[in-house]
Amino acid sequence: MADDVSEVLIDGMSEDGREYVLATARELYARAVYSHKTHEKEREIWSAKACTMYRTNIALVSATTVFAIISAALRPLWSLILTAILSAATTAFVLWQSSFDPVGKESVHRTAAKELLRIREQLLLLIERCHIKSEPGGRLQASLESITRELTGLYKFAPDTSHEAYARASVALKRGELTFSDDEIDAFLPAKLREKG
């Protein structure tokens, strides 16, 4: 009889523990989804800036080259002055561009987004394990703590994001990015694994 009571209490405690683990995992999952999408949007912002800077640099170098050729061939004073101005502008732009390093910033946000996606998937699996109820609450708690330490470490070293990236992420998530209907999921699965035969 005492063993039955202790089993009920242990089951009751593990069930309560599972509910807390599930609630915490859901909260962390939502934060990871937002952080992941924000870093993706920040990467897109820096990618666009890098592309614009690259095109501007090509335009300045091309114009400088054209006017240098005109200056060498025809030697009008206006083309010499324009070539000097374009050369100075090209040099200044390259120096300014190197101080921003848009490609480097794009790269670190891409890495952060991929790491957040990986942790997001771990949290999703933990949520699934909480619902199945086949594992003891202590093991689920240990998994949650391990994932939380990893997520905290990532947040500590992840680059800062901008308000613009957060706003774009918020709009994208509210529009349904990162979510799939049952029909969309079924379209990617073999027939035997589909929800709707």
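## An exposed isoleucine and its patch

Let's start with a single residue: Ile85 has a relative accessibility of 52%, so Ile85 counts as exposed. The model we are looking at is a predicted one. Along the chain, Ile85 belongs to helix 2, which covers residues 77-100.

Ile85 also has nonpolar company at the surface. Together with Leu77, Leu80 and Ile81, Ile85 forms a nonpolar patch with about 400 Å² of accessible area in total. As background, nonpolar side chains in soluble globular proteins tend to be buried together.

## Overall shape

Stepping back, the protein chain holds 6 helices and 0 strands. Read from the N terminus, the order of elements is α-α-α-α-α-α.

The dimensions are worth a look if you plan to set up a box of your own. Along the principal axes, the C-alpha atoms fill roughly 105 × 40 × 25 Å. The radius of gyration of the protein chain is 28 Å, whereas a compact globule of 197 residues would come out near 16 Å.

## Surface and contacts

About 13000 Å² of the protein chain is exposed, and 62% of that area is supplied by carbon and sulfur atoms. Of the 197 residues, 29% are buried.

What share of the contacts with a separation of 6 or more comes from residues 24 or more positions apart? In the protein chain, the share is 80%.

## Two nonpolar cores

The largest nonpolar core has 16 residues, and the members that touch the most others are Val21, Ile119, Leu123, Leu126 and Leu144. At least two residues of this core come from each of helix 1, helix 3 (102-132) and helix 4 (137-157). Helix 3 gives the largest share, with 6 residues.

Val21 offers a nice close-up of the packing. Leaving aside residues up to four places away in sequence, Val21 touches Leu126, Cys130, Leu140, Gln141 and Leu144. There is also a second core, separate and made of 5 residues, with Met53, Phe67, Leu86 and Phe93 among them.

## Salt bridges

Now to the charged side chains: how many salt bridges does the structure hold? The count is 13. One of them joins Glu177 to Lys37, with the closest N and O atoms 2.6 Å apart. This pair links distant parts of the chain, as the two residues are 140 residues apart: Lys37 sits in helix 1 (residues 2-74), and Glu177 in the loop between helix 5 (163-174) and helix 6 (182-188). Are these partners buried or exposed? Lys37 has a relative accessibility of 5% and therefore counts as buried, while Glu177, at 25%, counts as partly exposed.

Glu177 has another partner in Arg175, where the closest N and O atoms are 3.3 Å apart. Arg175 is exposed because its relative accessible area is 62%. Through shared partners, salt bridges join Lys37, Glu40, Lys41, Glu44, Arg175 and Glu177 into one network.

A further salt bridge pairs Arg129 with Glu135, and here the closest N and O atoms are 2.5 Å apart. With a relative accessible area of 23%, Arg129 is partly exposed. Glu135 has 14% relative accessibility, so Glu135 counts as buried.

Notes: Residues are numbered from 1 along each chain as its sequence is written. This is a predicted model: local features need pLDDT of at least 70, side-chain atom pairs count only at pLDDT 80 or more; totals for chains, interfaces and linings use all residues. Side-chain values use heavy atoms; hydrogens and water are left out. Patches are made of residues with over 30% relative accessible area and no salt bridge: like charges are joined within 9 Å, nonpolar side chains (Val, Leu, Ile, Met, Phe, Trp, Tyr) within 5 Å. Accessible areas come from the Shrake-Rupley method with a 1.4 Å probe; for residues, only the protein chains shown count as cover. A salt bridge is a side-chain nitrogen of Lys or Arg within 4 Å of a carboxyl oxygen of Asp or Glu. Helices (H or I, at least four residues) and strands (E, at least two) are DSSP runs, numbered from the N terminus. Buried means under 20% relative accessible area, exposed over 50%, partly exposed in between (1.4 Å probe, protein chains only). The radius of gyration is taken over C-alpha atoms; the globule rule is 2.2 Å times the number of residues to the power 0.38. Contact means heavy atoms within 4.5 Å. A nonpolar core is a set of buried Ala, Val, Leu, Ile, Met, Phe, Trp, Tyr and Cys residues joined through side-chain atoms within 4.5 Å.
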